[in-house]
Amino acid sequence: MDTHSTSLHPLKLFRDFKEITKACLAVSVVFSSIAGYLLGISEAHPFNWMTLLVLAVGGYCMVGASNAFNQVIEKDLDALMDRTKNRPVASGRMAPNTALFVASSLTITGLVLLYIINPKSAMFGAVSIFLYTSVYTPLKAVTPLAVFVGAFPGAIPFMLGWVAATNHFGIEAGTLFLIQFFWQFPHFWAIGWFLFEDYKKAGFFMLPTGQRDNRTALQIVLYTFWLIVASVLPAFGYTGQLFISPIATVLVVLLGLWMLFYTFQLYRLRTPKAARVLMLVSVGYITLLQIIYITDKFLR
């Protein structure tokens with residue numbers, strides 16, 4: 001039987017499409033873009049349902065394309081790791097050429113949709129997909145600095161929403177970028193920690209020191225501290241139209257301390273379980289942070 005023939009069933013095709021675009025991850029990224037958009041709207045830049053819809057679909061296309069390209073490039077390495085060996089391309093359910101067609105189609109569609117919003121949004125979308133596929137992905141097997149490079153495309157979605165709303169990149173969008181940039185490090189190092197053995201099978205060393213040691217754990221703590229600092233910058237009036245109230249500032253600090261607690265837990269225990277808990281907490285942190293920012297804006 002042809003390796004790829006089983007993929008012709010509509011439900012299987014849909015399931016493979018979800019897997020190759022990493023649907024859950026893509027939706028969370030789209031949520032960040034929507035959050036940035038809602039923070040960016042104002043009397044000068046009023047809310048527009050069509051813009052929001054185009055941003056959501058275009059954003060999903062760009063993230064999905066990045067993930068699809070990644071799975072084509074890393075298909076042989078994915079086959080070595082337990083958590084990725086059943087991905088469509090790595091498992092042989094989808095031909096690499098088919099995956100490339102999907103990735104290319106999503107790229108073009110995403111860029112066109114973002115360009116419809118404004119050229120700046122399309123530019124940042126293009127930068128994101130280029131850095132993720134052409135720089136971050138090949139560097140993963142070469143140096144732990146890949147996480148630093150990957151933090152740039154990973155931090156774009158939050159500020160992309162602001163740019164989509166305002167057609168302007170300034171201190172506000174830059175601050176949203178900074179928050180999500182610092183968040184990338186504790187989040188992905190936590191993943192690198194609890195999946196260390198699996199990553200090792202493919203020759204990926206995602207931790208800053210290459211090992212699950214005190215120095216890596218300390219860096220996770222330090223980057224979380226800088227994340228907290230970045231998250232309260234809008235409280236001090238230096239970030240233009242991006243501002244949070246004293247009540248929101250207290251909630252953001254408490255949220256940061258919640259995450260910081262689990263970084264210290266990892267530093268103390270240095271176990272895969274502690275790292276997994278921190279990863280889950282980090283996902284909750286960035287989602288709740290964005291909800292606090294949005295709620296504060298519309299309740300003020």
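Biologist: Is Lys 75 buried, partly exposed or exposed?

Modeller: In this predicted model, the side chain of Lys 75 meets that of Asp 76 in a salt bridge, with 3.5 Å from N to O. The relative accessibility of Lys 75 is 27%. Buried would require under 20% and exposed over 50%, so Lys 75 counts as partly exposed.

Biologist: Is its partner Asp 76 buried, partly exposed or exposed?

Modeller: Asp 76 pairs with Lys 75 through a salt bridge. The relative accessibility of Asp 76 is 56%. Because the cut-off for this class is over 50%, Asp 76 counts as exposed.

Biologist: Is Asp 78 buried or exposed?

Modeller: Asp 78 has its place in helix 4, which covers residues 75-78. Leaving aside neighbours within four places in sequence, Asp 78 is in contact with Gln 71, Thr 84, Lys 85, Arg 87 and Ala 90. Its relative accessible area is 1%, so Asp 78 is buried.

Biologist: Why are Glu 197 and Lys 200 separated by about one helical turn?

Modeller: Side chains of opposite charge can pair when their charged atoms come close. Glu 197 and Lys 200 form a salt bridge, and their closest N and O atoms are 3.7 Å apart. Both belong to helix 10, residues 196-201, and the separation is about one turn because they stand three residues apart.

Biologist: Which residue in the loop between helix 10 and helix 11 is linked to Glu 197?

Modeller: Glu 197 is partly exposed, with a relative accessible area of 43%. A salt bridge of 3.1 Å, N to O, joins its side chain to that of an arginine. The pair links distant parts of the chain, 15 residues apart, and the partner of Glu 197 in that loop is Arg 212.

Biologist: Which residues do salt bridges with shared partners join into one network?

Modeller: By the distance rule for such pairs, a side-chain nitrogen of Lys or Arg lies within 4 Å of a carboxyl oxygen of Asp or Glu. The count by this rule comes to eleven salt bridges. Where partners are shared, one network joins Asp 82, Lys 85, Asp 198 and Lys 201.

Biologist: Which helix supplies the largest share of the nonpolar patch?

Modeller: The patch covers about 710 Å² of surface and is made by Leu 218, Leu 222, Phe 225, Trp 226, Val 229, Leu 233, Phe 264 and Tyr 267. Helix 11 (214-232) and helix 12 (246-269) each supply at least two of its residues. The largest share is five residues, and these come from helix 11.

Biologist: Where does Leu 233, a member of that patch, lie?

Modeller: Leu 233 has a relative accessibility of 31% and therefore counts as partly exposed. Patch members need over 30% relative accessible area. Leu 233 lies in the loop between helix 11 and helix 12.

Biologist: How is helix 11 oriented to helix 13: roughly parallel or roughly antiparallel?

Modeller: Ile 220, Leu 227 and Ser 231 in helix 11 meet Leu 278, Tyr 285, Leu 289 and Tyr 293 in helix 13. The two helices, the second of them residues 272-299, pack at an angle of about 5 degrees with their axes 13 Å apart. Because angles under 35 degrees fall in this class, helix 11 is roughly parallel to helix 13.

Biologist: Is Gly 150 buried or exposed?

Modeller: Gly 150 has its place in helix 8, residues 146-166. Apart from neighbours within four places in sequence, Gly 150 is in contact with Tyr 136 and Gln 184. With a relative accessible area of 12%, Gly 150 is buried.

Biologist: Which residue in the loop between helix 8 and helix 9 (171-194) has a positive phi although it is not a glycine?

Modeller: The residue counts as partly exposed at 37% relative accessibility. Its phi is about 60 degrees. The residue in that loop is Asn 167.

Biologist: What is the phi of Arg 270?

Modeller: Arg 270 is found in the loop between helix 12 and helix 13. With a relative accessible area of 38%, Arg 270 is partly exposed. Its phi is positive in a residue other than glycine, near 50 degrees.

Conventions
Residues numbered from 1 in each chain as written. Predicted model: local features only at pLDDT ≥ 70, side-chain atom pairs only at ≥ 80, totals over all residues. Heavy atoms only, no water. Patch = residues over 30% accessible without salt bridge, like charges linked within 9 Å, V, L, I, M, F, W, Y side chains within 5 Å. Areas by Shrake-Rupley, 256 points an atom, 1.4 Å probe, with all protein chains shown as cover. Helix = DSSP H or I, 4+ residues; strand = E, 2+ residues; numbered from the N terminus. Buried < 20%, exposed > 50% of the residue type's maximum accessible area, 1.4 Å probe, protein only. Axes fitted to C-alpha atoms, helices over the stretch in contact; angles between N-to-C directions. Parallel < 35°, antiparallel > 145°, perpendicular 65-115°, else oblique. Contact = heavy atoms within 4.5 Å.
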